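Colleague: Please take me through one part of this model in detail: the enclosed space inside it and the parts that lead away from it. Plain wording is fine.

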Amino acid sequence: RVEQPDAVRAILSQAGQPDQREVTLKTAVSKPQVSSENLPALNIQRPIATGTSRFAGSSPERINNIKVAASRLNGVIIAPGQTFSFLAALGPITKANGYQEGLTIQGDATVPGIGGGVCQVSTTAFRAAFFAGLPIVERHQHTYRVSYYEQDGSPTGFDAAVYSPGVDLKFRNDTGGAILIQTAVDTASSTLTFRLYGSPTGREVKLTPSRTNEVKAGPRLPDGTDPALPKGQRKQVEWAADGADATIGRTVLQDGQVTATDSFFSRYAPWREK
């Protein structure tokens, strides 16, 4: 690790001396929170939770981005007591890191953007953390209901949106041992799976969904113009989705006794086709 304040001072002190073009930077060794030098101390014994989602009908670009993001989280270890940040673990969402342009939700529109589909991965990670009974530190809903996240029969509201910077998914490892993340993408069944491995917790997690205030999407929006399209060509840019208020309730039991309850509320705007 470069000691940045010392580096700044060293560079500035040399800036006025044109014959001195080299600066020695002070560094310190940064040790990992989890080390492979003492594997038994990790106490990773067996699966503790699984999260899944389906992405049938996704474009090749979206599938690519799901694969890239999932691969970058495969093998990540969360130390005891550590708060896991999805965006920090994932790293930059850029073309240089293998991502392609797909559809992303930005503000009140669905627009092309690098990394479209990464939210499929954050949603699946959220589901695994949910069923592991881990404390959810930060979670955001999508602006509107995304059909991919209800393909497998999951209730409305069981999603987690991310957007760099500032919109993250975070959860804390309170199990007392390390947690290993393993991911798998099955393109034949269009299924993404997150498996969490750690020490046995004896937890049982129950999910209670509810949905109210449903609002129909409404009629299709008028056509707009796009100078990038050939003359006479029409392209769909928004898909209809009914609005709703949705709550995902969670009850965590230990040896049959309730130890924690929480819930996650989402308000989805009705979305009109365009």
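**The cavity and its surroundings**

Modeller: The largest cavity holds about 60 Å³ of space. This is a predicted model, and a search through the whole of it finds one cavity of 30 Å³ or more. The lining consists of Arg145, Val146, Tyr149, Glu150, Pro155, Thr156, Gly157, Phe158, Asp159 and Tyr268.

For the setting, the protein has 274 residues, of which 38% are buried. Its secondary structure comes to four helices and 12 strands. Along the principal axes, the C-alpha atoms fill a box of roughly 70 × 60 × 35 Å. Among contacts with a separation of 6 or more, 74% are between residues 24 or more positions apart.

Two of the lining residues, Tyr149 and Phe158, lead to Arg127, which touches both of them. Setting aside residues up to four places away in sequence, the other residues that Arg127 touches are Thr50, Gly51, Thr52, Ser53, Asp152 and Ser154. Arg127 counts as buried because its relative accessibility is 1%, and the cut-off for buried is under 20%.

Ser154 is the next residue to look at. It sits in the loop that runs between β6 (136–138) and β7 (170–172). With a relative accessibility of 14%, Ser154 also counts as buried. Its side chain has a polar contact of 3.2 Å with the side chain of Arg127. A second polar contact, of 2.8 Å, links the side chains of Ser154 and Asp152. Once neighbours within four places in sequence are left out, the contacts of Ser154 are Arg127 and Tyr149. Tyr149 thus ties the pieces together: it lines the cavity, and it is in contact with Ser154 and with Arg127.

Arg127 belongs to helix α4, so that helix comes next. The 14 residues of α4 (residues 118–131) should span 20 Å at 1.5 Å a residue, and the C-alpha atoms at its ends lie 21 Å apart, so the two values agree. Of those 14 residues, 13 are buried, which means that α4 is largely enclosed by the rest of the structure. An α-helix has 3.6 residues a turn, so residues three or four places apart point the same way. After α4 comes Gly133, with a positive phi near 75°.

The remaining thread starts from Tyr268, which is also in the lining. Position 268 falls within β12, the strand of residues 257–268, and this strand pairs with β11 in the antiparallel sense over 11 bridges. Gln254 and Gln257 are bridge partners, the latter in β12. β11 and β12 make a hairpin with two residues between them, and Asp255 in the turn has a positive phi of about 55°.

β11 covers residues 243–254 and is mostly covered itself, as nine of its 12 residues are buried. It has another antiparallel partner in β10 (residues 203–215), again over 11 bridges. There, Arg211 has Ala246 of β11 as its bridge partner. In a regular strand the side chains alternate between the two faces of the sheet.

To put the route together: the cavity lining includes Tyr149, Phe158 and Tyr268. Tyr149 and Phe158 touch Arg127, a residue of α4, while Tyr268 lies in the range of β12, the strand paired with β11.

Definitions and conventions: Residues numbered from 1 in each chain as written. Predicted model: local features only at pLDDT ≥ 70, side-chain atom pairs only at ≥ 80, totals over all residues. Heavy atoms only, no water. Buried < 20%, exposed > 50% of the residue type's maximum accessible area, 1.4 Å probe, protein only. Polar contact = N/O pair within 3.5 Å; in protein donor to acceptor, adjacent residues only side chain to side chain. Contact = heavy atoms within 4.5 Å. Expected span 1.5 Å × (residues − 1). Pairing = 2+ DSSP bridges. 1 Å grid on protein atoms, 1.4 Å probe; cavity = no way out; pocket = protein on both sides within 12 Å on 5 of 7 lines; lining within 4 Å. Points joined across faces, edges and corners; volume = space filled by probe spheres on them.
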